[in-house]
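Here's a quick back-and-forth about how a few labels get earned. Have the coordinates open while you read.

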Amino acid sequence: MILLLAGCVSTRHAGKVYVTDGTQVDLLPTGDMEGTVDAMHLLAGSYKDRSFSLDAYVFADSNKVSMTIMTTMGNTIATLSYEGDRITNASSTVSGIPFPAEYLFFDFQFCYYRADALKELCDAAGLTFTESEKDGVVHRTLSDGPLTIATVDKRGDGLFFSNQLRGYSYTIEVVPDA
């Protein structure tokens with residue numbers, strides 16, 4: 001007897017990300033990653049009038065970014081990776097994540113990639129990237145003229161991300177090693 005499980009694995013060239021309705025950018029190369037991330041994360045957020053909670057195991061370095069996204073009960077929703085110019089999406093459910101993986105990786109890059117690489121990318125697209133630090137909190141802003149697109153406040157144990165243009169935000173807390 002053969003048991004067939006619903007799921008899908010796809011690998012493809014990374015597409016462009018619409019940062020605004022009229023401005024597209026490519027994802028930065030993994031070599032622009034700042035340091036290494038290797039931890040479980042608790043994510044709580046909202047999109048318009050809905051709230052959500054997820055867990056995610058993230059490993060990222062200058063070669064690869066991989067994320068396993070799970071329900072708070074530990075069921076895997078999707079396993080995503082970005083390596084070179086390729087994105088792999090292995091969903092354990094038919095729906096997986098309801099948007100292109102590039103958008104998740106772009107948010108990750110905005111939070112964790114080197115500021116100089118992000119500034120260069122934004123400048124080339126006619127956008128403004130700024131970074132400042134105060135009291136151990138790194139604040140980043142992405143703008144299009146007077147319009148703030150997104151902000152992140154990052155500290156050692158997590159961050160708060162907000163995309164004002166698209167109407168979503170989330171808090172990420174790093175789970176300490178046991």
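Q: What makes S5 and S6 a hairpin, and how many residues lie between them?
A: In this predicted model, S5 and S6 form a hairpin with four residues between them. The two strands run antiparallel over six bridges, and pairing takes at least two bridges, so they count as paired. Phe59 sits opposite Ser66 in S6.

Q: Why is S6 called largely enclosed?
A: Buried means under 20% relative accessible area, and six of the six residues of S6 (residues 65–70) meet that, so the rest of the structure largely encloses the strand. Both faces are covered: Val65, Met67 and Ile69 are buried on one side, and Ser66, Thr68 and Met70 on the other.

Q: How do you know that S6 and S7 pair, and in which sense?
A: DSSP has to find at least two bridges; S6 and S7 (residues 76–83) have six, in the antiparallel sense. Thr68 stands opposite Thr79 in S7. This hairpin has five residues between its strands, and Gly74 in the turn has a positive phi of about 95°.

Q: What makes the span of H1 close to the expected one?
A: The expected span is 1.5 Å times one less than the number of residues. H1 (residues 101–112) has twelve residues, for which 16 Å is expected, and its first C-alpha to its last reaches 16 Å.

Q: Why is H1 called largely enclosed too?
A: Eleven of its twelve residues are buried, so the rest of the structure largely encloses H1. Among them are Leu104, Phe105, Phe106 and Tyr112.

Key: Residues are numbered from 1 along each chain as its sequence is written. This is a predicted model: local features need pLDDT of at least 70, side-chain atom pairs count only at pLDDT 80 or more; totals for chains, interfaces and linings use all residues. Side-chain values use heavy atoms; hydrogens and water are left out. Buried means under 20% relative accessible area, exposed over 50%, partly exposed in between (1.4 Å probe, protein chains only).
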